[in-house]
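Colleague: I am new to this one and would like to understand the words you use for it. Could you take me through a few of them?

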Amino acid sequence: MTDADPTYDVVVWGATGVAGRFTAEYLTERYGPDDLALAIGGRDRGKLDAVAADLAGRSDAWDDVPVVVGDATDAESLRAIARETRVVCTTVGPYTRLGTPLVEACVEAGTDYCDLTGEVNWVRETVDRFHEAAVDSSARIVHSCGFDSVPADLGTLLVQSFAAETFDAPCETVRIYLEGGSGSVSGGTLASFGELFEAAATDPLARETLRNPYSLAPAGERSGVDPGEQRRPRRDPLRGAWTAPSPMASVNERVIRRSNALLGYPWGREFRCSEVVPTGEGLRGATTAGLVAGGLGAFSAAMSIGPVRSALRRHVFPDPGEGPTREEAEAGHFRIRLLGRGTATEGPFTVEAEFGADRDPGYGATARMLGESAVCLARDEVDSPFDGGVLTPASGIGLPLAERLREVGFTASVGEPSAGDTTESGR
Ligand SMILES: NC(=O)c1ccc[n+]([C@@H]2O[C@H](COP(=O)([O-])OP(=O)(O)OC[C@H]3O[C@@H](n4cnc5c(N)ncnc54)[C@H](OP(=O)(O)O)[C@@H]3O)[C@@H](O)[C@H]2O)c1
């Protein structure tokens, strides 16, 4: 951070889009102008003024919401924005196409930053290009502060912190079960999916990033024992029932491995994590797992073929800017359960955590996860050894974010499984 006090605590960059608007609405509902010096930003002054007027109209506390204008492709405008705020909280995506100049501007200015990216190819690029410079300038660049990857990454941190305190040992494995959820998807999210598949088809480094489970670890440390995401139906090694691959595993698992690496391997170099969708017992569970795996495989195969990908993007996916209504974003829910297994001097132990919210995971809940990430950074309410670098939610912010999310209705609990839980059976 520069010596002069910045004008704003947080700029929500991309506030005219679906996720940005929900984030700005959440922050202006939760905080008044005396608590949080907030501005909204984007490229279109007219649209931004309309959003600002709507935000002020919905709030007793905000008479007006300041607006900053720039363009994701205009480095000078981004530098000016980065200089006048403590934190840039950005939903301008696809990040592969629109994100790099903003990260560069924040790194140069020593300004903190958080985003919603699930584009692991792009995270790898920012790690390689900006981590050292961000350490030097004390800019905390915290990627993936939405549904990917806060629940999985912070949930793992909850499990591991409990294991360390209670058993004086880490969990060697953490399994993440996407137990339930209902929500929607916006045009912007599908555009980012499209960009990821485009990169995988055209860029060998992106392909390597998606192949290697350790691709987001620091350079020189990109290998290990963890085989990476499950791709087929499988009986669960801890709970016995059937599981299918999770669509978010390729992002969440890599983010968690980066957290472990950045923190200096407190969970061990042989730590393994995996995220799956539980589908139940017996024939029904196996069939559902097969259908989920088949559906994901078919979608990936279709998105890997250039003309099919283009046709889907042009004719089937909603356009960027389209997405759930406010009512839809505030409805929906998600629950993830995490099971950690470790070995203490007294023998093996299990830790269980739950993370969830009664809101659309990608929008109502994500607005809160991203907004509170920005507030944690702006107020320096973090439990992290780093004041700069390309970081993850767990390594860059840590448990204070879980505490803030609990205050706004999230479940973020951890403990030993209750007696009789199948998790104790050791299957
Ligand atoms: N991790 C998660 O859980 C999660 C959840 C939701 C979204 N996301 C991610 O968040 C991103 C945004 O999604 P969304 O649905 O909000 O997308 P969106 O509705 O299309 O919004 C994109 C925003 O970017 C702005 N923008 C586009 N080009 C720009 C430029 N050159 N300069 C400045 N601003 C520009 C748009 O401004 P205009 O209005 O002027 O076009 C708009 O404000 C996507 O990458 C998506 O994958 C992640």
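Modeller: Gladly. A polar contact is a pair of N or O atoms within 3.5 Å, where one must be able to donate a hydrogen and the other to accept it. Bear in mind that this is a predicted model.

Colleague: What makes the approach of the Arg235 side chain to the backbone oxygen of Gly240 a polar contact?

Modeller: The side chain of Arg235 reaches that oxygen at 3.2 Å. The limit is 3.5 Å, so the pair counts.

Colleague: Why is Arg235 called partly exposed?

Modeller: Its relative accessible area is 45%. Buried means under 20% and exposed over 50%, so Arg235 falls in between. Arg235 lies in strand E8, residues 234–235. Leaving aside neighbours within four places in sequence, Arg235 is in contact with Gly240, Ala241, Trp242 and Glu281.

Colleague: And why does Ser395 count as buried?

Modeller: Ser395 has 0% relative accessibility, and the cut-off for buried is under 20%, so the word applies. Ser395 is found in helix H15, residues 393–396.

Colleague: Which residues does Ser395 touch, not counting those up to four places away in sequence?

Modeller: Ser259, Leu262, Leu263, Ser384, Pro385 and Phe386. In addition, the side chain of Ser395 makes a polar contact with the side chain of Thr392, at 2.6 Å.

Colleague: Let us turn to the cavities. How many are there of 30 Å³ or more?

Modeller: A search of the whole structure finds 2. The largest cavity holds about 40 Å³ of space, and the second largest has a volume of about 30 Å³.

Colleague: How do you know where the largest cavity lies with respect to domain 1 and domain 2?

Modeller: Both domain 1 (8–147 + 363–400) and domain 2 (150–359 + 408–425) give residues to its lining, so the largest cavity lies between them. Among the lining residues are His143, Arg258 and Thr392.

Colleague: What classes of residue line the second largest cavity?

Modeller: Its lining has 7 nonpolar, 2 polar and no charged residues. Trp13, Leu98 and Tyr113 are among them. Tyr counts as nonpolar here, so Tyr113 belongs to that class.

Colleague: How does the lining of the second largest pocket divide by class?

Modeller: Into 5 nonpolar, 4 polar and 5 charged residues. That pocket has about 320 Å³ of space. Of its 14 lining residues, Arg175, Pro227, Arg234, Arg272 and Ser274 lie nearest the centre. Strand E7 (171–182) and strand E10 (272–280) are the elements that give two or more residues to this lining.

Notes. Residues numbered from 1 in each chain as written. Predicted model: local features only at pLDDT ≥ 70, side-chain atom pairs only at ≥ 80, totals over all residues. Heavy atoms only, no water. 1 Å grid on protein atoms, 1.4 Å probe; cavity = no way out; pocket = protein on both sides within 12 Å on 5 of 7 lines; lining within 4 Å. Points joined across faces, edges and corners; volume = space filled by probe spheres on them. Helix = DSSP H or I, 4+ residues; strand = E, 2+ residues; numbered from the N terminus. Buried < 20%, exposed > 50% of the residue type's maximum accessible area, 1.4 Å probe, protein only. Contact = heavy atoms within 4.5 Å. Domains from an automatic or database assignment.
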